[in-house]
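Hi,

Here is the structure I promised to pass on. Please open it first, then read my notes below.

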Amino acid sequence: MSTDEIKRRLHESIENIDDDEFLLTIKELIDHKYQSADSPALSAWQMKRIEESGKQINNGEFMTDDQVDKVIDKWLEE
């Protein structure tokens, strides 16, 4: 059986399965084997930091490039 035929049969089978637990098991198997380059796996800590950073940006708690450059220049003078 060719790879394309296996994929076609899997697609057909999955479309006909209504058992959520079984589908989740299949998904876990696929996720374990294949991770898309478009969506890297992030740890819980990384996701929390991204969320916190978004909140800081929304609250105006950030520095512009120019502000950071000035801080670095001052630091380098010391």
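E5 and R8 sit 3 residues apart in helix α1 (residues 3–15), so about one helical turn separates them. Keep in mind that this is a predicted model. The two side chains form a salt bridge, and their closest N and O atoms are 2.6 Å apart. R8 has a second partner. It forms a salt bridge with E12 too, with 2.3 Å between the closest N and O atoms. R8 and E12 are 4 residues apart in α1, again about one turn of the helix. Why does this spacing work? An α-helix has 3.6 residues a turn, so residues three or four places apart point the same way.

How open are these three residues? E5 is partly exposed, at 23% relative accessibility. R8 is partly exposed at 39%. E12 is partly exposed as well, with a relative accessible area of 41%.

Now go to helix α2 (residues 20–33). Its 14 residues should span 20 Å at 1.5 Å a residue, and the end C-alpha atoms are 20 Å apart, so the two values agree. None of these residues is buried (the number is 0), so α2 lies largely in the open. D19 caps the N-terminal end of α2. One of its side-chain oxygens lies 3.1 Å from the backbone nitrogen of E21.

There is a salt bridge in α2 as well. K27 and D31 meet at 2.4 Å, N to O. They are 4 residues apart, about one turn of the helix. K27 is partly exposed, with a relative accessible area of 46%. D31 is partly exposed at 34%. Back in the earlier group, shared partners join E5, R8, R9 and E12 into one salt-bridge network. The whole structure has 7 salt bridges.

Next, find Q46 in helix α3 (residues 44–58). Q46 is partly exposed, with a relative accessible area of 32%. Compare its position with N16. The two are 30 residues apart along the chain, and their C-alpha atoms are separated by 37 Å.

Last stop: helix α4 (residues 65–77), where you will find W75. How many of the 13 residues of α4 are buried? The number is 0, so α4 lies largely in the open. W75 counts as exposed because its relative accessibility is 60%, and the cut-off for exposed is over 50%. W75 also belongs to a nonpolar surface patch with M63, V68, V71, I72 and L76. Together they have about 610 Å² of accessible area. The helix length checks out too: 18 Å expected, and 18 Å between the end C-alpha atoms.

Best wishes

Methods: Residues are numbered from 1 along each chain as its sequence is written. This is a predicted model: local features need pLDDT of at least 70, side-chain atom pairs count only at pLDDT 80 or more; totals for chains, interfaces and linings use all residues. Side-chain values use heavy atoms; hydrogens and water are left out. Patches are made of residues with over 30% relative accessible area and no salt bridge: like charges are joined within 9 Å, nonpolar side chains (Val, Leu, Ile, Met, Phe, Trp, Tyr) within 5 Å. Accessible areas come from the Shrake-Rupley method with a 1.4 Å probe; for residues, only the protein chains shown count as cover. A salt bridge is a side-chain nitrogen of Lys or Arg within 4 Å of a carboxyl oxygen of Asp or Glu. Helices (H or I, at least four residues) and strands (E, at least two) are DSSP runs, numbered from the N terminus. Buried means under 20% relative accessible area, exposed over 50%, partly exposed in between (1.4 Å probe, protein chains only). The expected span of a helix is 1.5 Å times one less than its number of residues. A polar contact is a pair of N or O atoms within 3.5 Å; within protein, one must be able to donate a hydrogen and the other to accept it, and residues adjacent in sequence count only if both atoms are side-chain atoms.
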